[in-house]
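Reader: I am new to this structure. Please show it to me, and then let me ask about it.

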Amino acid sequence: MSKAPNLCFREGSSRPRCWSQEHLTSEGNTTMRALWVLGHPEATSLNGQLRDAGVAALREAGWQVEESDLYRDGFDPRLVCEGGADVRAEQDKVRAADLLVLQFPLWWYGMPAILKGWVDRVFEAGFAYDVIDPATGRPRKYGDGGLRGKRALTIVTAGDRPGSLAPRGISGSIEDVLWPLLHGTYWYTGMDALTPHLVTLARDVDAERMEQLADDLRTRLRGVMTEQRIPYRPLTEDDYDHSIRLLPHVAPQHRGLDAHLETCHD
Ligand SMILES: Cc1cc2nc3c(=O)[nH]c(=O)nc-3n(C[C@H](O)[C@H](O)[C@H](O)COP(=O)(O)OP(=O)(O)OC[C@H]3O[C@@H](n4cnc5c(N)ncnc54)[C@H](O)[C@@H]3O)c2cc1C
């Protein structure tokens with residue numbers, strides 16, 4: 001007999017979408033909390049300045065903002081053994097946050113190693129993933145998990161031209177390039193992944209463009225709790241088989257990552 005599929009998310013579940021009941025983002029709770037994590041070695045870099053602009057904008061709007069500046073803090077990204085006081089401190093910040101912001105320069109199509117290591121060490125089993133649903137005895141994942149109820153915004157700068165990080169661009173769309181983070185990390189652990197805030201031609205910035213980039217970021221942040229998440233499919237028997245592959249009738253013409261979007265049909 002085949003094993004039951006490892007499906008655990010149900011739309012309309014009564015489970016709260018927040019890790020912590022005290023910080024539910026329901027209407028009426030005016031204190032929103034963010035954790036802003038920066039993976040860039042220089043405070044005065046383009047990234048450092050955009051971080052400062054973004055954090056200030058959230059605070060002016062009444063948010064409580066925690067920061068993790070990984071190089072400045074000397075965060076050790078090496079996963080040698082699990083746990084540690086530094087990991088628990090970061091987990092406390094993640095747990096309290098309604099919004100997680102990860103900001104970094106695109107290095108070789110991915111995150112700087114220090115930020116990858118932050119995810120490796122902080123998103124531990126039992127905290128972010130391998131959180132068991134008592135009703136089914138199975139781990140909650142893909143649209144459900146330890147970090148359900150939070151939103152995740154990626155702010156990424158890239159040296160390349162805009163067209164190269166778009167569909168049919170030589171690098172692939174930024175959503176495809178960041179699939180391991182957007183789908184494999186945020187969505188896997190239950191967070192709502194937001195469309196990345198991408199700055200291209202990042203080495204070609206003057207004072208005027210710098211101010212425009214800061215303005216664009218402030219505008220984006222104003223709607224960050226109400227914008228639509230990336231519509232990844234939750235892990236349900238409606239869409240996936242026992243080996244977590246899309247059922248034959250779901251987006252049958254599609255072989256790429258777009259097939260995992262609820263908006264992808266035919
Ligand atoms: C290891 C590595 C791998 C990479 N891989 C990729 C990749 O795969 N794809 C890709 O597209 N890119 C890649 N890049 C490029 C990289 O993404 C960019 O260099 C980076 O995003 C730039 O961000 P920054 O914060 O480091 O910019 P900075 O170097 O700090 O600044 C960028 C420019 O903005 C100017 N500037 C900053 N602040 C101001 C200000 N206040 N007023 C006026 N001007 C200002 C600086 O003078 C500079 O010219 C890679 C780079 C490295 C080092």
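Author: First, a term: helices are DSSP runs of H or I with at least four residues, numbered from the N terminus. Note also that this is a predicted model.

Reader: Which helix gives the largest share of the shell around the ligand?
Author: Two helices, spanning 46-60 and 207-222, each supply at least two residues of that shell. The largest share is 3 residues. These come from H1.

Reader: How many residues of the shell around the ligand are nonpolar?
Author: The shell holds 20 residues, and Ser-45, Pro-105, Gly-159, Asp-160 and Val-205 come nearest to the ligand. By type, 3 shell residues are charged and 6 are polar. The nonpolar residues number 11.

Reader: How many residues are in the largest nonpolar core?
Author: Nonpolar side chains tend to be buried together in soluble globular proteins. In this model, Ala-34, Val-37, Leu-100, Val-101, Leu-115 and Trp-118 touch the most other members of the largest nonpolar core. Elements that each supply at least two residues to this core include strand S1 (33-38), strand S3 (99-105) and helix H4 (113-122). The core's residue count is 53.

Reader: Which residues is Val-37 in contact with, leaving aside its neighbours within four places in sequence?
Author: Val-37 is one of the core residues that touch the most other members. Its contacts are Ser-68, Leu-70, Val-101, Leu-102, Gln-103, Leu-115 and Trp-118.

Reader: Is Gly-74 buried or exposed?
Author: Gly-74 lies in the loop between helix H2 (70-73) and helix H3 (85-96). A residue with 12 or fewer other C-beta atoms within 10 Å is exposed. Gly-74 has 9 C-beta neighbours inside 10 Å, so Gly-74 counts as exposed.

How values were computed:
Residues numbered from 1 in each chain as written. Predicted model: local features only at pLDDT ≥ 70, side-chain atom pairs only at ≥ 80, totals over all residues. Near = placed C-beta within 6 Å. Nonpolar A, V, L, I, M, F, W, Y, C, P; charged D, E, K, R; others polar. Core = buried A, V, L, I, M, F, W, Y, C linked by C-beta atoms within 7 Å. Buried ≥ 20, exposed ≤ 12 C-beta atoms within 10 Å, placed from the backbone. Contact = placed C-beta atoms within 7 Å.
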